[in-house]
Amino acid sequence: MGDMSDALTAAIARRRDDLITLTQDLIRMPTINPPGHRYGEICEYLDRRLHRSGFASEYIRAYGTPGDSEKYPRWNLIARRHGTRPGDCVHFNSHTDVVEVGRGWTRDPFGGDLDGDRIYGRGACDMKGGLAASVIAAEAFIEVHPDYAGSIEISGTADEETGGFGGVAYLAGQGHFTHVDHVLIPEPLGEDCICLGHRGVWWAEIETYGEIAHGSMPFLGDCAIRHLGAVLQEFEDKLYPALARKRTDMPVIPEGARKSTMNINSFHGGEPEPEGRFDGLPAPNVPDRARMVIDRRFLIEEDIRDVKREITEILDGLTQNRKNFRYDIREIQRVIPTMTDKTAPVAEATAAGIRATCGHAPRYVVSPGTYDQKHIARIGRLKNCIAYGPGILELAHRPDEYIEVSAMERSATVMGKVLERLLLARHAPATAPKPPTVRQ
Ligand SMILES: [Zn+2]
């Protein structure tokens with residue numbers, strides 16, 4: 001398919017100025033989340049843009065999801081363009097939200113400055129550059145192959161940065177992925193890198209109890225913070241060494257995340273602390289409650305029930321061995337690890353596209369944290385999903401975030417080749433039944 005691919009590469013190269021303008025336009029809409037600014041505006045922009053190349057758009061508001069309000073409505077857009085005959089549906093999913101600006105910028109975070117090969121701005125790499133690359137890929141593919149089979153979808157979804165409940169989770173729950181066969185999420189992993197999935201998350205709050213008394217006579221009360229300190233000591237002595245021994249076969253990056261980890265998110269006891277500092281003096285009390293929030297990241301080899309049991313066994317051990325120890329534990333959030341097989345059709349098509357475009361084999365990675373793939377895998381029940389897109393992951397959420405135009409061009413070329421492989425006639429002849437979708 002040398003000639004076809006050359007035509008596609010040329011069509012993408014011709015769109016270089018368009019790619020730059022599109023990326024700048026997207027950056028100039030400050031879709032900061034929280035609270036969720038301008039979702040409607042960016043959906044309308046994408047709708048107008050994609051309408052020109054024959055896409056029909058559906059606007060979906062995630063009514064009643066966290067943060068959704070009349071002031072900050074959670075608007076999502078799915079744009080769809082059918083080919084000339086039946087075939088697979090390839091879906092590109094990008095989140096439209098960006099995180100807050102933060103300090104330390106030397107560029108206008110919403111200016112979209114072009115300097116050499118770089119376009120600067122909040123969201124440039126995470127992930128408006130990836131969104132722009134997928135739009136250019138689809139438009140170039142349609143120009144070169146107007147006679148394709150199946151359908152192409154491009155979605156712009158809300159709230160990924162805050163868990164995706166008003167975005168992909170909502171769409172998956174409403175059945176918007178049931179007809180989709182292949183999903184690419186253009187998160188900034190690098191143009192020669194295929195991200196197969198992510199580790200799991202278990203967040204919980206642990207609370208210990210004591211008895212209030214005067215601070216000059218602590219023996220009359222029972223200090224909840226000392227009980228919680230005993231929990232921390234058990235974690236240091238038993239849990240952390242056990243976690244460090246658990247290694248995964250998942251190709252997680254960075255290397256340090258290739259084992260189980262746990263962060264203590266917060267630790268608090270005693271009187272509530274006001275913002276800033278005390279004006280007066282705190283009252284001398286023995287605290288009767290203390291809390292910590294743990295953020296446990298686990299591996300595909302681990303079962304969520306074992307992850308929880310490891311913690312509760314330590315707590316139950318303290319209940320037996322430590323005088324007056326009482327606790328509660330409350331789950332805050334859970335995400336099951338997910339990993340797509342390298343032989344899944346979308347992963348193989350992307351690997352072939354990378355080999356043809358970059359001249360070497362892809363790097364396969366797994367993300368240490370989660371992203372919207374969790375909702376597609378669990379709620380949408382679609383395993384044929386990867387993250388693939390331009391950009392340098394370490395720049396995400398940082399000051400002077402940027403995306404390289406050349407990286408966007410290369411990854412747009414790879415995405416165009418993915419469409420060639422999945423949607424051209426030889427893969428989906430009109431008379432043949434639709435190939436089975438990989439689901440679990
Ligand atoms: Zn992102």
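**A guided tour: what makes it so?**

Guide: Let us start where two helices meet: Arg 16, Leu 19, Ile 20 and Thr 23 in H2 face Val 405, Met 408 and Glu 409 in H10. By residue type, this contact of H2 with H10 comprises four nonpolar, one polar and two charged residues. Please keep in mind that the model is predicted.

Visitor: What makes Thr 23 and Glu 409 fall into separate classes there?

Guide: Glu is on the list of charged residues, while Thr is on neither the charged nor the nonpolar list, so Thr counts as polar.

Visitor: Why are H2 and H10 called roughly perpendicular?

Guide: Their packing angle is about 110°, and their axes are 11 Å apart. The perpendicular class spans 65 to 115 degrees, so an angle of about 110° belongs in it. H2 and H10 are therefore roughly perpendicular to each other.

Visitor: Which hand does the crossing of H2 and H10 have?

Guide: The crossing of H2 and H10 is right-handed.

Visitor: What do these two helices lie across?

Guide: Helix H2, residues 16–27, lies across S4, S5 and S16, and runs at about 15° to S5. Helix H10, residues 405–423, lies across S5 and S16, at about 60° to S16.

Visitor: How do you know that S5 and S16 are paired?

Guide: Pairing requires at least two bridges. Strand S5, residues 118–120, is joined to S16 by three bridges, so the two strands qualify, and they run antiparallel. Tyr 120 has Tyr 402 of S16 opposite it.

Visitor: What makes S4 and S16 edge strands?

Guide: The open sheet has three strands, in the order S4-S5-S16, and its pairing is antiparallel. Strand S4 (114–115) and strand S16 (402–404) each pair on one side only, and these are the edge strands.

Visitor: Which strands are the edges of the four-stranded open sheet?

Guide: That sheet is antiparallel, with its strands in the order S10-S11-S9-S12. Strand S10 (261–269) and strand S12 (327–335) are at the edges: each has a single partner strand, so one side of each lacks a neighbour in the sheet. From one strand to the next, the twist averages 15°.

Visitor: How many bridges link S9 and S11?

Guide: Strand S9 (residues 200–209) and strand S11 (residues 289–298) are antiparallel partners over ten bridges. Opposite Ala 204 stands Ile 294 in S11.

Visitor: Why is H6 called oblique to H7?

Guide: The axes of helix H6 (residues 224–245) and H7 come within 10 Å, crossing at roughly 125°. That makes H6 oblique to H7. An angle of roughly 125° lies outside the 65 to 115 range for perpendicular and is not over 145, so oblique is the class that remains. The crossing of H6 and H7 is right-handed. On the H6 side the contact is made by Ala 230, Val 231, Glu 234, Lys 238 and Leu 239, and on the H7 side by Glu 310, Ile 314, Leu 315 and Leu 318. The residues of this contact of H6 with H7 divide into six nonpolar, no polar and three charged.

Visitor: Why does Glu 310 count as partly exposed?

Guide: Glu 310 sits in helix H7, residues 304–321. It has 18 C-beta neighbours inside 10 Å, and that count makes it partly exposed. Buried would need 20 or more and exposed 12 or fewer, so 18 falls in between. The C-alpha atoms of Glu 310 and Lys 238 are separated by 9.8 Å, with their positions 72 residues apart along the chain.

Visitor: Which way do the residues of S7 point?

Guide: In strand S7 (residues 182–185), His 182 and Leu 184 point one way and Val 183 and Ile 185 the other way, and all are buried. Side chains in a regular strand alternate between the two faces of the sheet.

Visitor: What makes S3 and S15 partners of S7?

Guide: Strand S3 (residues 85–95) is parallel to S7 over three bridges, and strand S15 (residues 385–387) also pairs with S7 in the parallel sense over three bridges. At least two are needed, so both pairs pass. His 182 is the bridge partner of Val 90, and Ile 185 stands opposite Ala 387 in S15.

Key. Residues numbered from 1 in each chain as written. Predicted model: local features only at pLDDT ≥ 70, side-chain atom pairs only at ≥ 80, totals over all residues. Contact = placed C-beta atoms within 7 Å. Axes fitted to C-alpha atoms, helices over the stretch in contact; angles between N-to-C directions. Parallel < 35°, antiparallel > 145°, perpendicular 65-115°, else oblique. Left-handed = near helix turned anticlockwise from the far one by under 90°.
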